[in-house]
Amino acid sequence: MSAKKSLPRAALAAQCTDARVNTVTPELFRRWPGPAELALATQEELESVIRSTGFYHSKARNLLGAAQRVVSVYGGEVPPRLDELITLPGVARKTANVVLWGGFGINEGLAVDTHVKRISGRLGLTKHTDPVDIEKDLVKLFPQSEWGKVNHRMVWFGRHVCDARKPLCDECEMAPFCPKVGVE
């Protein structure tokens, strides 16, 4: 996926399912195929397209601000560096890591979302609860070349096997050695 599409997708994914993001992005990218076009949109226009993703007021504000900054500071190209990405409105470390891996194939860090946080805790890979501290623990355990794939696999595992409320421990291949931290 291109960085131009990776950034809006990652921003819309906050507190939203991938299925919902997938229903919204075709119209978003049809109307505004890149940062230059999106930077010219109005808040109201963008809100009408992304409304179903939830938190659409702040998401629209951040997407517009990010697009405008990408155009004015980075010449219309999404920057391929974490320190530059986190200067964009609404982009913190997790989103920046998602964009770097998804848009550029760069493993700068490991994106810690709710699934990665839960799985790494349940497996005893970290004792921390702060995403930055969790990321520091996880990057020590896996080769840098695999960080993006590890993140993707942990998110998939958290969605389909190790659910927050009803983990499928009886079906999990890791059950024999999983410490099940926090599982009742």
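Four short exercises on a predicted model follow, each with a worked solution.

**Exercise 1. Place T126 and list its neighbours**

Task: Find where T126 sits, decide whether it is buried or exposed, and name what it touches.

Solution:
- Start with location. T126 lies in the loop that joins α8 (114-122) to α9 (131-141).
- Check accessibility next. The cut-off for buried is under 20% relative accessible area. T126 has 8%, so T126 is buried.
- Look for polar partners. The side chains of T126 and D137 make a polar contact at 2.5 Å. A polar atom of the T126 side chain also lies 3.1 Å from the backbone nitrogen of H128.
- Finish with contacts. Leaving out residues up to four places away in sequence, T126 touches S120, G121, I134 and D137.

**Exercise 2. Describe helix α7**

Task: Give the span of α7, its buried residues and the elements they pack against.

Solution:
- Take the length. Helix α7 covers residues 93-104, which is 12 residues.
- Compare the spans. From first C-alpha to last, α7 reaches 15 Å, close to the 16 Å expected at 1.5 Å a residue.
- Pick out the buried positions. In α7 these are T95, A96, N97, V99, L100 and G103.
- Trace the packing. The buried residues of α7 pack against α1 (3-12), α6 (82-85) and α9.
- Step past the end. Just after α7 comes G105, with a positive phi of about 70°.

**Exercise 3. Locate K166**

Task: State where K166 lies, whether it is buried or exposed, and how far it is from E184.

Solution:
- Find the segment. K166 belongs to the stretch after α10 (147-160).
- Apply the cut-off. Exposed means over 50% relative accessible area. K166 has 66%, so K166 is exposed.
- Compare sequence with space. K166 and E184 stand 18 residues apart in sequence. Their C-alpha atoms are 9.7 Å apart.

**Exercise 4. Test the cysteines**

Task: Count the disulfides, then explain why C178 does not bond to C162.

Solution:
- Recall the bond. A disulfide is a covalent bond between the sulfur atoms of two cysteines.
- Count. The structure has zero disulfides.
- Set the limit. The two sulfur atoms must be within 2.5 Å.
- Check C178. The closest cysteine sulfur, in C162, is 6.3 Å from the sulfur of C178, so it is too far for a bond.
- Add accessibility. C178 has a relative accessible area of 18%, so C178 is buried. C16 is buried too, with a relative accessible area of 18%.

Key:
Residues numbered from 1 in each chain as written. Predicted model: local features only at pLDDT ≥ 70, side-chain atom pairs only at ≥ 80, totals over all residues. Heavy atoms only, no water. Helix = DSSP H or I, 4+ residues; strand = E, 2+ residues; numbered from the N terminus. Buried < 20%, exposed > 50% of the residue type's maximum accessible area, 1.4 Å probe, protein only. Polar contact = N/O pair within 3.5 Å; in protein donor to acceptor, adjacent residues only side chain to side chain. Contact = heavy atoms within 4.5 Å. Expected span 1.5 Å × (residues − 1).
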